[in-house]
Each structure stands twice: as C-alpha cells, then as structure tokens.
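Please look through the structure shown here before reading on, with the sequence at hand. The paragraphs below are meant to be followed alongside it.

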Amino acid sequence: MALTSIPFSNMPYWLGFVFAGQAFTLSHRTTIPPGQSLNIQITTGKDTITHITDRRIVSGSEQLGIKLLKNPGFTHGNRKLPTINLDDRSKIQAATSFYKNPSNIHGGTVMEETMIPRYAFSQGGNPIESTSYERILQFDSNYMLIIQNEGFYPTNVALNLAFYESGN
C-alpha cells in the first residue's frame, strides 16, 4: 500500500481517501501448527465505523481457511495487538481494538468464508497471498477473524490490515 503526502507542515493531507490521523495499520506474524488457527477478535468503537481498506494474509506453505464472523459468542482474547497510526505526527488512537487468542468461539453470522490454497513447492517462486480486500464493520460490534492451518505442517503466517475510522 503506497502512501503519498503533500510535504507542508500543519496541513491536512490525503492518504488515498482518508484524512491524515484517521488511518491505521495492524501487523501480526506467527506460526500456526497443523489443524490449529490464529483467532483475532476485532472490537469496534461505540461511535466509530471501521473501514478495512486492505487485508493481506501471507502463508509460508500450507493451505489456510479464513472465516470472518459477526457477533459470535466467545471468551475475550488475552493479548491486545497494537495498531499504528499511519500519520506519525498524529496522537489519535484507534477506537477499534484487536485481541489475539479469543477462545470458545461459537455462533455468530458468517460474513466471509474463503481460503488460500497450498503453495506448490515444485513450482518455486513466492509464497501465496490473499487478494486486496475491503469491508466496513458496524460500530459497537465484535467480529472474529479465524485463520486456520488446513495443512499437514506448521506454516508461517503474516497478517496485515489497513483501516480507517469514521463517524458515519
């Protein structure tokens, strides 16, 4: 995701279609054992709509199953993942929070169910990656992003989300 700005201090500039200070990113990298999943709890702010403008998931080798649930039942995650404001001058913090390892996930509405196929070692080249993505999340809601290793070996996974927040 390339960002450009007008180099004048104390002037708002446009990040794609977002004013500076309102755009954030989340990055997380982990190894998922076979048959296990990386669960990310997404909790949106009370008066804030979250616009995910890009989501990239990279797998080192194994097939991944990806599911997004809205308002499932669960036990709260145990580790907050930090979000970074894309405007390094801004002190604005994201109202949307992300937590790793929620458990006892059940129910909810399936918003998305997709997969990333297994990387073919014989073909060489780069690891596989999901396509560009955009989704708008409702305010004051919980979502669950489930990334499951459907393969036979552990796989390194990198997750990158770019998002902005608005009041409408």
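What follows goes from the confidence of the model to its sheet, its core, its aromatic rings and one buried threonine.

This is a predicted model, in which local features need pLDDT of at least 70, side-chain atom pairs count only at pLDDT 80 or more, and totals for chains, interfaces and linings use all residues. Residues are numbered from 1 along each chain as its sequence is written, and side-chain values use heavy atoms, with hydrogens and water left out. The protein averages a pLDDT (the predictor's confidence in each residue, from 0 to 100) of 82, and 79% of the residues score at least 70. Over residues 1–15 the pLDDT is below 50, although this stretch has 23 contacts (heavy atoms within 4.5 Å) in the model beyond near neighbours in sequence. Where pLDDT is low, the predicted coordinates should not be read in detail.

Five strands (DSSP runs of E, at least two residues, numbered from the N terminus) form an open sheet in the order β9-β3-β15-β5-β13, with antiparallel pairing, where two strands pair if DSSP finds at least two bridges between them. Because β9 and β13 (135–137) stand at the edges with a single partner strand each, one side of each is left without a neighbour in the sheet. Strands β3 and β9 pair over two bridges, and the bridge partner of F24 in β9 is N85.

The largest nonpolar core (buried Ala, Val, Leu, Ile, Met, Phe, Trp, Tyr and Cys residues joined through side-chain atoms within 4.5 Å) has 24 residues, and those with the most contacts inside it include I42 and F98. Strand β15 gives the most to this core, with four residues. I42 touches, among others, T96, F98 and L145.

The structure holds two aromatic pairs, a pair being rings of Phe, Tyr and Trp (its six-membered ring) with centres within 6.5 Å, where planes under 30 degrees apart count as stacked, over 60 as edge-to-face and the rest as tilted. The rings of F98 and F163 have their centres 5.4 Å apart and their planes at 55 degrees, so this pair is tilted. It links F98 in strand β10 with F163 in strand β15, 65 residues apart, and F24 joins F98 and F163 in one aromatic cluster.

T96 is found in the loop between β9 (84–85) and β10 (97–100). T96 is buried (under 20% relative accessible area, with a 1.4 Å probe and protein chains only), at 2%. Its side chain makes polar contacts (N or O atoms within 3.5 Å, one able to donate a hydrogen and the other to accept it, residues adjacent in sequence counting only if both atoms are side-chain atoms) with the side chain of T50 at 2.5 Å and with that of E165 at 2.7 Å.

Terms used: Buried means under 20% relative accessible area, exposed over 50%, partly exposed in between (1.4 Å probe, protein chains only). Lists of a residue's contacts leave out its neighbours within four places in sequence.
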